[in-house]
Amino acid sequence: MNIYFCGSIRGGRQDVNVYQRIVKQLQKYGNVLTEHVSYDSLSEKGEDAVLDGDKAIHDRDMEWLTMSDVIVAEVTQPSLGVGYELGRAVAMNKRVLCLFRPSSGKVLSAMIRGAASTMTDSLFHVQDYTEDEVESILEKYFDSLAKN
């Protein structure tokens with residue numbers, strides 16, 4: 001299974017430790033195409049090593065998004081890029097799980113929370129969580145995918 005992980009890069013790297021925890025857990029379920037999002041070495045300036053710049057990053061990430069079977073996004077730290085990726089994923093009819101920590105004091109965008117259906121067969125889910133719950137939430141989510 002190919003998993004596309006979304007987390008803030010240029011929007012702020014405050015949650016990189018949470019991203020690392022999520023990516024480590026996701027690796028139990030498949031190939032995380034975007035594990036670099038969890039790297040400590042990645043700053044708010046993004047990937048300086050990409051010679052062709054922003055267009056190359058966009059095109060590569062869209063290819064990975066197309067290849068993915070499921071998208072998991074940590075959406076606590078607002079990010080234009082993550083929002084864009086989620087919109088594209090919805091347009092591609094991809095399975096999406098958004099993780100949000102209310103304890104951050106932030107309010108999740110209505111465009112994200114409102115996209116989640118209350119129907120159990122919806123492709124788009126938003127899950128509020130605490131850091132202590134992340135492993136069990138991911139286990140439950142991926143177990144439900146395996147059953148379907």
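User: In this model, is F142 buried or exposed?

Analyst: F142 is buried, with a relative accessible area of 5%, where buried means under 20%, exposed over 50% and partly exposed in between (1.4 Å probe, protein chains only). The model is predicted, and local features need pLDDT of at least 70, side-chain atom pairs count only at pLDDT 80 or more, and totals for chains, interfaces and linings use all residues. Residues are numbered from 1 along each chain as its sequence is written, and side-chain values use heavy atoms, leaving out hydrogens and water.

User: Which residues have the most contacts inside the largest nonpolar core?

Analyst: In soluble globular proteins, nonpolar side chains tend to be buried together. Here the largest nonpolar core (buried Ala, Val, Leu, Ile, Met, Phe, Trp, Tyr and Cys joined through side-chain atoms within 4.5 Å) has 22 residues, and F5, I22, L26, V72, L99, L138 and F142 have the most contacts inside it. Its largest share, 6 residues, comes from α5, while a second, separate core of 17 residues includes Y4, M62, L108 and F124.

User: How many aromatic pairs does the structure hold, and how is such a pair described?

Analyst: A pair of aromatic rings is described by the distance of the centres and the angle of the planes. The structure holds 3 aromatic pairs (Phe, Tyr or Trp six-membered ring centres within 6.5 Å; planes under 30 degrees apart are stacked, over 60 edge-to-face, the rest tilted). F5 and Y19 are edge-to-face, at 5.6 Å centre to centre and 65° between the planes, and this pair links F5 in strand β1 with Y19 in helix α1, 14 residues apart (helices, H or I of at least four residues, and strands, E of at least two, are DSSP runs numbered from the N terminus). Y29 and F142, by contrast, are stacked, at 4.6 Å and 5°; Y29 lies in the loop between α1 and β2 (31-32) and F142 in helix α5, so this pair ties together parts 113 residues apart in sequence.
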